[in-house]
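The following exercises ask for a reading of a protein model, from single residues up to the whole chain. Each task is followed by a solution in steps.

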Amino acid sequence: MSSNYRLLVENAKQVVLICNSGEKFLTKHGMQNLCVIENGSVVIGSDGLIKAVGPAEIIRAQYPHSWFDKVIDATGMCVLPGLVDAHTHPVWAGDRVHEFAMKLAGATYMDVHRAGGGIHFTVDHTRAASPSELLGSLSSRLLRMQRVGTTLVECKSGYGLELQTELKMLEVIEEARRTLPINISSTYCGAHAVPKGKTVAEATKDILQVQLPTLKEQMSAGTLRVDNIDVFCEQGVFDLSSTRSILQAGKDMGLNINFHGDELHPMNSAQLGAELGALAISHLEEVTDEGIAAMATARTAAVLLPTTAYILRLPQPRARDMLEAGVIVALGSDFNPNAYCCSMPIVMHLACVNMRMSMPEALAAATINAAYALRCSHTHGSLEVDKHGDLLVLDTTRWEHLIYQLGGHQELIRYVVIKGNVVVDNDKTMDL
């Protein structure tokens, strides 16, 4: 007879729940005061959902070892929710390592873009790549993210800029969702750049009249699942008017609005997003005070990307101002050929050092708030009953080591668990 329970993680020095009252997000003081149980245990059922979290002695009395497929003795260790990466571009061919040298020599993002590099370089290579090539590279990148603690990741299209390649990218993301344990939120980002030889108006028309209707058909037929719609709202890319029409069309199809805004110039993207009921806006390096206030009122999450500001030497996003204003602050790696970082622990470290977030704020931003930015905080982002059994076991007695350390996290993260299954066991230095 099979057991009723998949996994027991017991006797942990600390179990970091993040929150324990069904909160969908945390702001201000809630981010500073995370819920932590000393000497705790976690029970995950055969359905992969959390059945109990609490003091080890209470769990021990209620749940005998014989009920479990696997028991992890976490004595002297810490248990945290799996990390959530709220913004990535992981499907592409053709790296841009040569552009890093240009940037180090002083070229700006738009200098590289105008020289035929940047997004357009990646578009050319991605259009030429086969689905199997793209799936292979995507899978290896997602496994790499998983090894350093990411259990839910947002994945964007956006290196096609025309129907067939955008569909190819979304189909590759869908195949990864079917074949890998990591949880995926899929984003259509056909408005990532204006294709060569087209005007903004022509590109917008193609998205509204060709790409989105085809996407809607495939979603209705059940052949493709897409969760979010994204636009790069920026000078020289998509202006406020075209951004508005594309995002509204996506919202009308049932997609969450989750877009790039106010990165290189203050575009009033934050105010537009708040007006449209956007779930999340990313970047926001150039957001205004008015934009911050609008996002706080609208409960639109700010997905901050410290790697991008670091690599492009941009002004840091105003995390402290956003936090003080009551904005829901989340974090993402922005993994892409321009900002090649797979590691949410490194992202949290940069957020603390460069954006002046505290360690509890950074952890909340990379768990419950990042899940909220993907409309997944009812199932992910904290260790609460009936949520997915996604967690990390750290080989250390204080959870802060995950952020304190800069790199080397595979020595620190002992296990990564998704839906009660151990998917990474770093003692065996292999994925199971």
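Buried means under 20% relative accessible area, exposed means over 50%, and partly exposed lies in between, with a 1.4 Å probe and protein chains only. This is a predicted model, in which local features need pLDDT of at least 70, side-chain atom pairs count only at pLDDT 80 or more, and totals for chains, interfaces and linings use all residues. Residues are numbered from 1 along each chain as its sequence is written, and side-chain values use heavy atoms, with hydrogens and water left out.

**Exercise 1. Determine whether D386 is buried or exposed, and describe its backbone.**

Step 1. The relative accessible area of D386 is 52%, so D386 is exposed.

Step 2. Helices (H or I, at least four residues) and strands (E, at least two) are DSSP runs, numbered from the N terminus. D386 belongs to the loop that joins α16 (368–373) to β14 (391–394).

Step 3. Most residues other than glycine have a negative phi. D386 is not a glycine, yet its phi is positive, at about 80°.

**Exercise 2. Examine N11 in the same manner: which element holds N11, and what is its phi?**

Step 1. N11 is part of strand β1, which covers residues 5–18.

Step 2. The phi of N11 is positive, about 65°, although N11 is not a glycine.

Step 3. N11 counts as buried because its relative accessibility is 17%.

**Exercise 3. Establish the surroundings of E384.**

Step 1. E384 is placed in the loop between α16 and β14.

Step 2. With a relative accessible area of 9%, E384 is buried.

Step 3. Contact means heavy atoms within 4.5 Å. Apart from neighbours within four places in sequence, E384 is in contact with C19, N20, S21, G22 and I50.

Step 4. E384 and L17 are 367 residues apart along the chain, while their C-alpha atoms are separated by 6.8 Å.

**Exercise 4. Find the contacts of two helical residues, Q146 and H349.**

Step 1. Q146 lies in helix α6 (residues 131–147), and its relative accessible area of 2% makes Q146 buried.

Step 2. Beyond its neighbours within four places in sequence, Q146 touches P181, I182, V416, I418, V423 and V424.

Step 3. H349 lies in helix α14 (residues 344–354) and is buried, with a relative accessible area of 16%.

Step 4. With neighbours within four places again set aside, H349 is in contact with I403, Y404, Q405 and L406.

**Exercise 5. Classify Q62 by its accessibility and give its C-alpha separation from A52.**

Step 1. Q62 is found in helix α2, residues 56–62.

Step 2. Q62 has a relative accessible area of 47% and is therefore partly exposed.

Step 3. Q62 and A52 are 10 residues apart along the chain, and 9.9 Å separates their C-alpha atoms.

**Exercise 6. Which residues of α10 are buried, and what covers them?**

Step 1. Helix α10 spans residues 269–276, and 6 of its 8 residues are buried.

Step 2. These buried residues are S269, A270, L272, G273, A274 and L276.

Step 3. Their cover includes α9 (240–252), β10 (256–261), β11 (280–283) and α11 (289–298).

Step 4. After α10 comes G277, with a positive phi near 75°.

**Exercise 7. Describe the domains and how they meet.**

Step 1. Domain bounds come from an automatic or database domain assignment. Domain 1 comprises 5–82 + 381–430, and domain 2 comprises 83–374.

Step 2. The C-alpha centres of domain 1 and domain 2 are 29 Å apart.

Step 3. In the contacts between them, 38 residues of domain 1 meet 38 residues of domain 2.

**Exercise 8. Compare the radius of gyration with the globule rule, and characterise the whole chain.**

Step 1. The radius of gyration is taken over C-alpha atoms, and the rule is 2.2 Å times the number of residues to the power 0.38. For 432 residues a compact globule would have a value near 22 Å, and the 21 Å of the protein agrees with this.

Step 2. Along the principal axes, the C-alpha atoms fill a box of roughly 70 × 45 × 40 Å.

Step 3. The protein contains 18 helices and 17 strands, and 62% of its 432 residues are buried.

Step 4. Among contacts with a separation of 6 or more, 73% join residues 24 or more positions apart.
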